[in-house]
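Thanks for coming, everyone. Please have a look at the chain on the screen before I start talking.

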Amino acid sequence: EPRERQAGILRGKTDSLLRKLQAMESALDAARGSYSAEEHVRIRQEYLAEQNRLTAAQAQLAFKQERLQVVNQLIARLRVNQLELGQRVEELAQSRHAQEVLELIRAWLKEAGPQVTRRLVNRISHEASLIYSDIIGDHTGWLHWGTDYELELEIGGSRRTFRQLSGGEQMIAALALRLALLRHTSAIDIAFFDEPTAHLDPERRDNLADKLTQVKGFSQVFVISHDDTFERSASKYIRIAKGENGSYLEDRL
């Protein structure tokens with residue numbers, strides 16, 4: 001009985017399998033009826049062609065991705081360069097602005113130069129005239145130093161050029177101008193004068209000696225002279241004499 005039951009089960013499964021086999025055979029017959037070998041070959045060739053195109057596209061994609069990476073690096077460098085270029089452009093603009101300002105200042109200075117020169121020359125001329133009057137002991141005259149750097153002496157409305165002055169007047173005028181120039185234009189606080197009393201009479205030599213000792217703005221004033229006019233006014237002096245054996249120190253204070 002167990003075997004009969006098992007045989008019945010197996011017969012049922014066999015019947016089921018037979019039905020499936022028949023259905024599959026019917027489907028196979030239908031498929032065979034619709035199958036075309038030529039169409040199969042054609043589709044196979046299209047598949048292989050598409051596969052080749054896919055492989056080529058993948059290779060091209062890999063190349064373009066590498067190229068894209070290179071381009072991205074280049075773009076990054078270009079952006080850095082762009083920032084630097086912007087900074088340079090800004091610096092250039094600032095430099096051009098500064099240049100324009102400097103050109104404007106230069107133009108102003110160029111225009112103001114003659115006026116500044118005229119004012120400075122007038123100040124020096126005024127100072128030189130005062131020194132000249134103090135040296136000669138007479139304030140009726142006026143010493144003029146013009147923008148053409150020519151010295152003139154005006155007395156009683158009449159002017160004489162430097163060449164028209166006497167030797168003593170020329171010496172005093174030149175010395176007065178030199179003192180005024182030293183006072184206004186030089187940062188050196190030491191002055192040297194060689195024979196400033198040449199061509200001067202005794203009174204004017206004394207006035208000159210007094211004036212030189214009163215000059216302000218100099219830490220030291222050195223005077224070289226053949227007379228003893230400055231000895232009474234100088235804080236220190238050295239007297240050099242000449243003998244048979246040459247020059248020697250005669251006296252000092």
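I'll walk through the helices, then the salt bridges, then a few single residues.

One caution up front. This is a predicted model. Keep that in mind for every number I quote.

Let's start with helix α2. It runs over residues 37-136. That makes 100 residues. From its first C-alpha to its last, α2 reaches 140 Å. The expected figure is 148 Å at 1.5 Å a residue, so the two are close.

Where does α2 bend? The bend is at A112, and it comes to about 40 degrees. There is a proline there too: P114 follows within four residues of A112.

Now look at the stretch leading up to that bend. V101, L102, L104, I105, W108 and L109 make a nonpolar surface patch. Its area is about 580 Å². Take L109 as one member. L109 sits in α2. Buried or exposed? L109 counts as exposed, because its relative accessibility is 57% and the cut-off for exposed is over 50%.

Move along to the far part of the helix. Here we find buried residues of α2, including V121, I124, A128, I131 and Y132. I135 and I136 are buried as well. The list is not just nonpolar side chains: S125, E127, S129 and S133 are on it too.

Let me pick out S133, which lies in helix α2. How accessible is S133? Its relative accessible area is 3%, and buried means under 20%, so S133 counts as buried. What does S133 touch? Leaving aside residues up to four places away in sequence, S133 touches D138, H139 and G141.

Just after α2 comes G137. G137 takes a positive phi of about 70 degrees.

Hold on to that phi angle, as there is another one to see. Y149 also has a positive phi, of about 60 degrees, and Y149 is not a glycine. Where is Y149? In the loop between β1 (141-145) and β2 (151-155). Y149 is exposed, at 53% relative accessible area.

Next, helix α3. This one covers residues 167-185, which is 19 residues. α3 reaches 26 Å from its first C-alpha to its last. The expected span is 27 Å at 1.5 Å a residue, so again the values are close. Which residues of α3 are buried? Among them are I172, L175, L177, L179 and L182. G168, A173, A176 and A180 are buried too, and so is E169.

On to charges. Side chains of opposite charge can pair when their charged atoms come close. How many salt bridges does the structure hold? Seven.

I'll show you three. In the first, E46 meets R42, at 2.5 Å from N to O. Why can these two reach each other along the helix? E46 and R42 are four residues apart in α2, so about one helical turn separates them. Both are partly exposed: E46 has 42% relative accessibility, and R42 has 35%.

The other two share R159. R159 forms a salt bridge with E152, with the closest N and O atoms 3.0 Å apart. R159 also meets E154, at 3.5 Å from N to O. R159 is partly exposed, at 46% relative accessibility. E152 is partly exposed at 22%. E154 counts as partly exposed, also at 22%. Back in the first case, salt bridges that share partners join E39, R42 and E46 into one network.

Last stop, A198. You'll find A198 in the loop between β4 (190-194) and α4 (202-214). A198 is partly exposed, with 24% relative accessible area. How far is A198 from F222? Their C-alpha atoms are separated by 16 Å. Along the chain, the two are 24 residues apart.

To recap: α2 has 100 residues and a bend at A112. The nonpolar patch takes in L109 and W108. There are seven salt bridges.

That's my tour. I'll take questions now.

Methods. Residues are numbered from 1 along each chain as its sequence is written. This is a predicted model: local features need pLDDT of at least 70, side-chain atom pairs count only at pLDDT 80 or more; totals for chains, interfaces and linings use all residues. Side-chain values use heavy atoms; hydrogens and water are left out. Patches are made of residues with over 30% relative accessible area and no salt bridge: like charges are joined within 9 Å, nonpolar side chains (Val, Leu, Ile, Met, Phe, Trp, Tyr) within 5 Å. Accessible areas come from the Shrake-Rupley method with a 1.4 Å probe; for residues, only the protein chains shown count as cover. A salt bridge is a side-chain nitrogen of Lys or Arg within 4 Å of a carboxyl oxygen of Asp or Glu. Buried means under 20% relative accessible area, exposed over 50%, partly exposed in between (1.4 Å probe, protein chains only). The bend at a residue is the angle between axes fitted to the seven residues ending there and the seven starting there. Contact means heavy atoms within 4.5 Å.
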